[in-house]
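This report introduces selected features of a structure to a reader who has not met it before. The sequence and the structure are shown first.

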Amino acid sequence: MFILKNAWISIKRNKARNILIGIIILIIACACTITLAIKNTAGYLIDSYKNAYEKEVTISFNRANMMKNFDPSKIEGRENAKEKFDNIESYTISDVTSFADSEYITSYYYTYSIGLNGNNIIKAEINNDGFNHGKENNTDFNLTGYSNLDAMSEFINGTYTMSEITDNAWDIAFDGNYVFINEELANYNDLNLNDKIKLASEDGKTYEFEIIGIFKENEEDNQMTMFSNSANTLVTNANALISITKNNEEIKAIINPTFIVDSYDNVEKLQNEFYEKGLDENFVLQTNEEEANNAVSSIQNINSFSTTFLTLTLIIGGIVLLVINMINIRERKYEIGVLRTIGISKLKLTIQFVLELVIVAVIALMLGAVFGAVSSKNVSNSLLASEIKNSNEKVEEIGKNFGGPNMNRGQMKGKGMPVVEAYDSIDAVVDIKVILELLSIGITLVLISSIASMVSIERFSPLTILKERS
Amino acid sequence: MKKKKNEEIKEKNIILSIKNASYRYSDAEENDYALKNVSFDFESGKIYAIKGRSGSGKTTLLSLISGLERCSEGEIIFDGKSLNMMNLDKYRNSEIGIVFQSYNLLPFMTASENIILSMDINGLKIKNKKEKAIELMEKVGLKDIYADRKVLRLSGGEQQRVAIARSLSYNPKMIIADEPTGNLDKQTETEILEIFKKLAHEENKCVIIVTHSGNVCDSVDVIYDLKKSVNL
C-alpha cells in the first residue's frame with residue numbers, strides 16, 4: 001500500500017516530467033487507436049469482400065495435360081492431339097447433379113447451351129467480312145439456359161444489359177419456354193416483347209419460345225462487324241433446354257457448372273471425388289480465389305500500411321519513453337539511494353517506479369483512446385463510406401443490367417458485392433477489442449521503458465550514490 | 001565450538017561482532033583490500049566511536065556493519081546471527097537505524113512523512129503513525145510544529161534530529177551513525193551526542209559512530225581506532 005502512496009507522491013512531485021511522459025503516451029495511444037480502428041475496419045471490409053465472393057469452383061480443360069505430348073511439327077502429333085480431344089468424355093447434367101452431391105459443396109448452378117436454327121426468324125449475319133457469327137454446332141442461334149439468377153454472369157458483370165422487359169419476366173423466366181433476345185436480333189426481325197419465335201433442330205423438330213425481354217451487349221464498337229457477338233444468342237432457362245435435349249439426343253449440349261464450396265482448402269479432395277464419380281481426368285477444377293483476393297488487395301494494402309505505421313509508432317514511442325525514463329532514473333538516483341539505505345527491497349522499489357509509469361500511462365491511454373476514437377471515427381467512416389458507395393453503385397448497376405429495380409441485393413449476394421453496413425457510433429469503430437489491444441500495447445510499452453529503472457535499481461550501490469551526493 | 005562462542009557473546013551482551021572481516025572491491029586487484037582482518041565487538045547499552053584517518057576504511061566498515069555490502073572474507077554476527085545468512089534489506093529496515101552526515105532525508109517530503117516512510121518500509125502496524133512520528137521528533141528535541149514542514153526548510157541540526165527520529169521509528173537494537181555531527185556547530189553537536197548517549201544508556205541501544213571528531217570521541221564509552229586494528 002505504501003508503495004502506491006509513494007508512487008502517487010512522486011507523480012505529483014514530478015508534474016512536468018510526468019506530463020511529458022503522459023503527452024508522449026497520449027500521442028502513441030491516439031495513433032494506435034486510429035491505426036487499430038483502421039485495421040479493424042479494413043479487416044471487416046476484407047471479411048465482407050471475402051464473404052461477398054462465394055467460393056466458386058468450375059470445371060475446365062487441363063490444357064497442360066492435353067499439350068503434354070503434342071508436337072505441332074509432326075502430323076502424327078496433331079492427329080494424336082485431335083484424337084485425344086475427341087475422346088474426352090464430356091459430362092452430362094446427371095453427372096453435374098452427382099458431382100454436386102458432395103459434403104464440400106453448399107450449392108451449385110450451371111449454364112446449359114445448345115444450338116438451334118431459326119424457323120420463323122432469321123439470324124443476324126450481315127457484316128463486312130461475311131463471317132457467320134452463329135456459334136456451336138454451326139446452327140443459327142446459340143441458346144444459353146441458366147439454372148438460376150446466380151448463373152447469369154453476363155448480366156451480373158454488365159456484358160449484357162436488359163433494355164426492355166415484361167413486368168412478370170422474372171417470375172416466369174426460369175420455368176417454361178421464355179427467352180431474352182438481343183436488341184439487334186429483335187430489330188433485324190422486327191420482334192417485340194411477348195412475340196413468339198420458332199426454332200428448329202437439325203432434324204426439323206420445332207420449338208416455340210415467347211420473348212419476355214430484350215437485352216443489348218455492352219462492348220466496344222467493333223468496326224469490322226455490323227452485329228455484336230451475342231446478336232444470335234438467345235437467353236433462356238436451363239430446364240427448357242434440358243427438356244429439348246431429353247427428347248432429341250442429336251442435339252449436343254454444353255454444360256458449364258459452378259459449384260459453391262465451403263472452403264478452397266477442400267478443392268483437391270473435391271477434384272478426386274469428381275474423378276471417382278466419373279469426371280474425365282483431362283478436366284480439372286478451378287477456383288475464383290485469385291479474383292476474390294484481387295478484390296481485397298487495396299484494402300489489404302491499407303491494412304499492411306496500418307500495421308507498419310503501428311509498429312513504427314511503437315518502436316519510436318518505446319525508445320523515447322526509455323530515454324525519458326533513463327533520464328528520470330538519473331535524476332532520482334539520490335532518492336533510490338536513500339530508500340535502499342533505509343531498507344526498501346529492490347523489488348518493491350522497482351514496483352514503485354513501474355507503478356508510477358503505469359498510473360501515468362493508464363490516464364494517458366484513456367485520454368488517447370477518447371481522442372483517437374473521435375479521430376478514427378472520421379477516418380474509418382470515410383473509408384467505409386467510399387466502400388459503401390462503391391458497393392451501392394455496383395448493386396444499382398447490376399439491378400439495371402437485369403432490367404430495373406425489381407432485383408434486390410439479397411438475390412445477388414455472392415457476386416463480388418460486399419455487404420457493408422455503416423458504423424453509426426464511435427463504439428462500433430473503437431470497440432472493446434481495440435481498447436484491449438491498446439491496453440496491451442500500453443502495458444508492453446510501460447514494461448519496456450521500465451527496463452531502464454529495473455536495470456538501474458539493480459545496478460546502483462546505495463552507498464556510492466549517497467557518497468556522490470555528499 | 002561455534003555454539004560456545006555464541007554463548008560467550010550473549011553473556012557479554014554483545015549485539016554485533018566483527019570477526020576478521022575483510023573487504024575488497026570487485027574491480028580491485030587480488031591483495032588490494034579496502035579493509036583487512038578487522039575484528040571488533042559491540043555491546044548493547046554502550047556508545048562506540050570508530051575513528052581513523054581518511055582512507056583507513058571507516059566508510060567501508062560502516063557499509064559492512066550496516067548491511068550495505070557483504071564481507072569478502074570473515075563475517076559479521078548480529079544478535080547471534082551471521083549477516084551473510086540474513087536478508088540485508090530486512091536487517092536495515094528492522095534491526096538497525098542509520099544516520100548520515102548529510103542526513104539523507106527525502107527533500108520532497110515533510111519531516112513526519114520521512115519518519116512514516118521508514119515505518120512503512122519496516123511494515124510497522126500501528127494506528128496513528130503520524131502521532132508516533134511526532135512523539136519521536138519530540139524525543140530528539142523537535143517541536144510538533146516541524147512535523148508538516150518540508151525538510152529543506154529545516155536547519156542542519158533539525159534535519160539531523162529528523163534523521164535520528166527516522167532511525168528510531170521501528171525501535172532498532174543498534175544505531176549506526178556516519179559523521180553525524182560533521183555538518184553541525186558545537187552546540188548542536190553536543191545536543192545530538194546527548195541524544196545518542198540517552199539512546200545507549202537509557203534505552204540499552206548500541207550506538208556506533210564513525211567519526212574523526214575529538215569531541216565525539218570524548219563523549220563515547222569505547223573508541224576503536226581503525227588504523228591500529230588494520231593488519232596491513
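In which sense, parallel or antiparallel, do strand β5 (residues 178-182) of chain A and β8(A) pair, and over how many bridges? The pairing of β5(A) with β8(A) is antiparallel and extends over two bridges. The model under discussion is a predicted one.

## Strand β8 of chain A

Strand β8 of chain A spans residues 233-237. Besides β5(A), a further strand is joined to β8(A): β3 (residues 141-146) of chain A runs parallel to β8(A), and five bridges link the two. V235(A) takes part in both pairings. On the side of β3(A), V235(A) is the bridge partner of T144(A); V235(A) is also the bridge partner of F180(A).

The residues of β8(A) point in two directions. T233(A), V235(A) and N237(A) point one way, whereas L234(A) and T236(A) point the other way, and all are buried. Because five of the five residues of β8(A) are buried, the strand is largely enclosed by the rest of the structure.

## A loop residue in chain A

L279(A) belongs to the loop that connects α10 (267-276) and β10 (283-287) of chain A. This residue counts as buried because it has 22 C-beta neighbours inside 10 Å, and the cut-off for a buried residue is 20 or more.

Once neighbours within four places in sequence are left aside, L279(A) is in contact with Y91(A) and F274(A). A separate relation links L279(A) to D95(A): their C-alpha atoms are 8.1 Å apart in space, while the two residues are 184 residues apart in sequence.

## Chain B in outline

Chain B has 232 residues, of which 46% count as buried. Nine helices and nine strands are found in this chain. Among the contacts in chain B with a separation of 6 or more, 72% are accounted for by residues 24 or more positions apart.

## The open sheet of chain B

Five strands of chain B form an open sheet in the order β6-β7-β8-β3-β9, with parallel pairing. At its edges lie β6 (96-99) and β9 (222-225) of chain B, each of which pairs on one side only. From one strand to the next, the twist averages 20 degrees.

Strand β3 (residues 47-51) of chain B runs parallel to the edge strand β9(B), to which four bridges join it. Within this pairing, V222(B) in β9(B) is the bridge partner of Y48(B). Helix α7 (residues 186-201) of chain B lies across three strands of chain B, namely β3, β7 (174-178) and β8 (206-210). Relative to β8(B), helix α7(B) runs at about 145 degrees.

## Two packed helices in chain B

Two packed helices are described by the angle between their axes and the distance between the axes. For helix α4 (residues 111-122) and helix α6 (residues 156-168) of chain B, the angle is about 25 degrees and the axes are 8 Å apart. The angle therefore makes α4(B) roughly parallel to α6(B), as angles under 35 degrees count as roughly parallel. The crossing of the two helices, α4(B) and α6(B), is right-handed.

The contact brings together residues of both helices. From α4(B), the residues A111(B), N114(B), I115(B) and S118(B) meet V162(B), A165(B) and R166(B) of α6(B). By class, the residues of this contact comprise four nonpolar, two polar and one charged.

Conventions:
Residues numbered from 1 in each chain as written. Chains lettered and ligands numbered in written order. Predicted model: local features only at pLDDT ≥ 70, side-chain atom pairs only at ≥ 80, totals over all residues. Pairing = 2+ DSSP bridges. Axes fitted to C-alpha atoms, helices over the stretch in contact; angles between N-to-C directions. Contact = placed C-beta atoms within 7 Å. Buried ≥ 20, exposed ≤ 12 C-beta atoms within 10 Å, placed from the backbone. Parallel < 35°, antiparallel > 145°, perpendicular 65-115°, else oblique. Left-handed = near helix turned anticlockwise from the far one by under 90°. Nonpolar A, V, L, I, M, F, W, Y, C, P; charged D, E, K, R; others polar.
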